[in-house]
Amino acid sequence: MADSKLSADYVIVGSGIVGAMLGAKLARSGASVLMLEAGGASDRGVFVARFRNASRRGDWMTPYPSIPTAPHPIYRPDDNGYLVQAGPYPYPAEYVRQVGGTSWHWAAHAWRNLPNDFRIRSLYGVGVDWPFDYDDLEPYYQEAEEIMGVGGSTETGSPRSKPFPMGTVAEPYAMARVRERLTGTYSISNSIAHQ
C-alpha cells in the first residue's frame, strides 16, 4: 500500500463514529472518500473474549490493547504515559485507535451542548464564544442522533426541533422510587426563604 498512489475527493483521518458518519454522507452524495486509520481491523468476537478473560473487568479498556503503530492512553494497571496533560485538572480521557474508533467503547451517551455553552465568554466572562450558536448546530445534532438511534429525556435543557428518534428513555424503577419519596420535601422557595 505504501507504494500505491490513492486519490479521492475527500480524505478522512480516523474511522471512528464521526469519521464514519461523515464518510457515509459524502459517499451518498457521490463523492469519492478515502479513510485513513492508524489502528487495525476490529473483531467483536476478539474484544468480547478479551473482556471475558480479563483479570480487571472493571477496566473497560482491557479489550483494546494499545499497539505500537496506533497507541492510545492506558491508565490501568499502569499509566502508559501516552497522553500528557498540563493544568490543575487533568482528565484521563480514554479513546481507541482502530477501525470503528471509540464507538467500540463509549458510554452510550450522546449529550448535546446547552445553548449557553456557545456563549460562555459573553455570559460568564471565561473562555471564548463559539463562532456559531446552538441553533446553527441543532439540525446536525438531530441528524447524528437519527443515525445512532438516540433516545432520552426532553428535560435536558437542550432545545429540540424534533423528538428523539428512539423516544423517551424509560425511567429506571429505582429513580422513580427516589423521585416519589422526595416529592415535596425540598423546593427552591424553601431554600431561598432560609438564606
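How many helices and strands does the chain have? In this predicted model, the count comes to six helices and two strands. Reading from the N terminus, the elements follow the order β-α-β-α-α-α-α-α, so a strand opens the chain and the second strand comes after one helix. The chain does not pack into a neat ball: its radius of gyration is 22 Å, well over the 16 Å that the globule rule gives for 195 residues, so the chain is more spread out than a compact globule. Along the principal axes, the C-alpha trace covers about 75 × 45 × 35 Å.

Some whole-chain numbers help to fill in this picture. Of the 195 residues, 18% are buried. The accessible surface adds up to about 14,300 Å², with carbon and sulfur atoms supplying 58% of that area. As for contacts with a separation of 6 or more, 37% of them join residues that sit 24 or more positions apart.

Turning to helix packing, helix α1 (residues 17–28) meets helix α4 (residues 134–148), with axes that come within 12 Å and cross at roughly 100°. Since an angle of 65 to 115 degrees counts as roughly perpendicular, α1 and α4 are therefore roughly perpendicular to each other. On the α1 side, the contact is built from Ile17, Met21 and Lys25, while α4 brings in Glu143, Ala144, Ile147 and Met148. Sorted by class, this contact has five nonpolar and two charged residues, and no polar ones.

Helix α4 also holds Glu145. This charged residue has a relative accessibility of 2%, and because buried means under 20%, Glu145 counts as buried. Which residues does Glu145 touch, leaving aside those up to four places away in sequence? The partners are Ala110, Arg112, Val150, Arg160, Phe164 and Pro165. One of them, Arg112, is 33 residues from Glu145 in sequence, yet the two C-alpha atoms are 9.9 Å apart in space.

Ala174 makes a handy counterpoint to Glu145. Ala174 belongs to helix α5 (residues 173–182), and its relative accessibility of 52% puts Ala174 in the exposed class, for which the cut-off is over 50%. Between Ala174 and Glu145 there are 29 positions along the chain and 27 Å from C-alpha to C-alpha. Ala174 sits in a helix with little cover: α5 is hardly covered, with zero buried residues among its 10. Past the end of α5 comes Gly184, which has a positive phi, near 85°.

The last region to look at is the loop between α2 (44–52) and α3 (120–124), where Pro77 is placed. Is the peptide bond from Arg76 to Pro77 cis or trans? The bond is cis, and its omega is near 0°. Pro88 is found in the loop between α2 and α3 too. With a relative accessibility of 69%, Pro88 counts as exposed. From Pro88 to Phe132 there are 44 residues along the chain, and their C-alpha atoms are separated by 29 Å.

Notes:
Residues are numbered from 1 along each chain as its sequence is written. This is a predicted model: local features need pLDDT of at least 70, side-chain atom pairs count only at pLDDT 80 or more; totals for chains, interfaces and linings use all residues. Side-chain values use heavy atoms; hydrogens and water are left out. Axes are lines fitted to C-alpha atoms, for helices over the stretch in contact, and angles run from 0 to 180 degrees between N-to-C directions. Helices (H or I, at least four residues) and strands (E, at least two) are DSSP runs, numbered from the N terminus. Angles under 35 degrees count as roughly parallel, over 145 as roughly antiparallel, 65 to 115 as roughly perpendicular and the rest as oblique. Contact means heavy atoms within 4.5 Å. The radius of gyration is taken over C-alpha atoms; the globule rule is 2.2 Å times the number of residues to the power 0.38. Buried means under 20% relative accessible area, exposed over 50%, partly exposed in between (1.4 Å probe, protein chains only). Accessible areas come from the Shrake-Rupley method with a 1.4 Å probe; for residues, only the protein chains shown count as cover.
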